[in-house]
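Hello,

Here is the structure I promised to pass on to you. Have a look at it first, and my notes follow below.

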Amino acid sequence: AEYMGRTFNTYCTHLAMASAFFAKTFAASAVVLAGERYLLSQFGSCCLLGGTTLEIPKLYSFVVLVNVVASTFVLLSLGFRVSAARKELSTQAKKKDDKDAEARFNYPKLYAEGFSEEAHKFNCVQRGHQQPLETYTSFVVASLIGGLKHPVITALAGLVWCAARLVWAEGYASGKPDNRYSHFLSVHVWSSMLVVLTAAVSTSLSWLTAWW
């Protein structure tokens, strides 16, 4: 009962910390996005393309270049790291007389089976690539929508996302999963995601309310 109580208290503490983090990030994002909308309404006439159904800011090109193109190269680089680790760690396992190394690391297996040091290290590298894929579609779609009204903030969030994803994966690849958050930028894989989601919500509301 005492153990269950400690576990529940720890869960509540982590939940409270996560809730506070998301609330602060959402509130800050909303304020910054509102500021951008005000500035664009005052000085943005030179930044809009005419003759289109949607007003597409000229600065929207940065959203495409950063949040779509650059982020794609980030994921490709993480994928290349997995391929290199698969070959390197398989070779190391064979040197340690792991008779199942070939089957353990070869395609089409996504993760290496077993509890060896090499298998654990490879799975950490693989997880550093696979985890971003779980939310990547939402990140890109939210960026493309949010960038229509908030191109500057959305592109900046994209830059942060790219940098944060690289250091997050680097920490994971160390073989110690907790290290994925050892760098100060790592937590911003989530805050940058929240920023572009908030921008997408703002853009959607602006289509519903002409006065926004």
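F139 is buried, because its relative accessibility is 0% in this predicted model. Y136 counts as buried too, at 15% relative accessibility. Both residues lie in helix 4, 3 residues apart, which is about one turn of the helix. Their ring centres are 6.5 Å apart and the planes stand at 25 degrees, so the pair is stacked. If you follow the rings further, ring pairs link Y136, F139 and W161 into a cluster.

The structure holds 7 aromatic pairs. Another one of them joins F105 and F122: with centres 5.9 Å apart and planes at 80 degrees, the pair is edge-to-face. F105 belongs to helix 3 (residues 101–105) and F122 to helix 4 (residues 117–146), so this pair ties together parts that are 17 residues apart in sequence. F105 and F122 are both buried.

Next, the helices. The axes of helix 2 (residues 60–95) and helix 5 (residues 151–172) come within 8 Å and cross at roughly 10 degrees. That makes helix 2 roughly parallel to helix 5. Among the residues making the contact are V63, V66 and L78 of helix 2, and L159, W161 and L166 of helix 5. By class, the contact has 15 nonpolar, 5 polar and 3 charged residues.

One last residue to look up is S191, in helix 6 (residues 188–208). With a relative accessible area of 8%, S191 is buried. Its side chain and that of H188 are joined by a polar contact of 2.6 Å. Apart from neighbours within four places in sequence, S191 is in contact with F21 and T25.

Best wishes

Terms used:
Residues are numbered from 1 along each chain as its sequence is written. This is a predicted model: local features need pLDDT of at least 70, side-chain atom pairs count only at pLDDT 80 or more; totals for chains, interfaces and linings use all residues. Side-chain values use heavy atoms; hydrogens and water are left out. Axes are lines fitted to C-alpha atoms, for helices over the stretch in contact, and angles run from 0 to 180 degrees between N-to-C directions. Helices (H or I, at least four residues) and strands (E, at least two) are DSSP runs, numbered from the N terminus. Angles under 35 degrees count as roughly parallel, over 145 as roughly antiparallel, 65 to 115 as roughly perpendicular and the rest as oblique. Contact means heavy atoms within 4.5 Å. Ala, Val, Leu, Ile, Met, Phe, Trp, Tyr, Cys and Pro count as nonpolar, Asp, Glu, Lys and Arg as charged, and the others, Gly among them, as polar. Buried means under 20% relative accessible area, exposed over 50%, partly exposed in between (1.4 Å probe, protein chains only). A polar contact is a pair of N or O atoms within 3.5 Å; within protein, one must be able to donate a hydrogen and the other to accept it, and residues adjacent in sequence count only if both atoms are side-chain atoms. Rings of Phe, Tyr and Trp (its six-membered ring) pair if their centres lie within 6.5 Å; planes under 30 degrees apart count as stacked, over 60 as edge-to-face and the rest as tilted.
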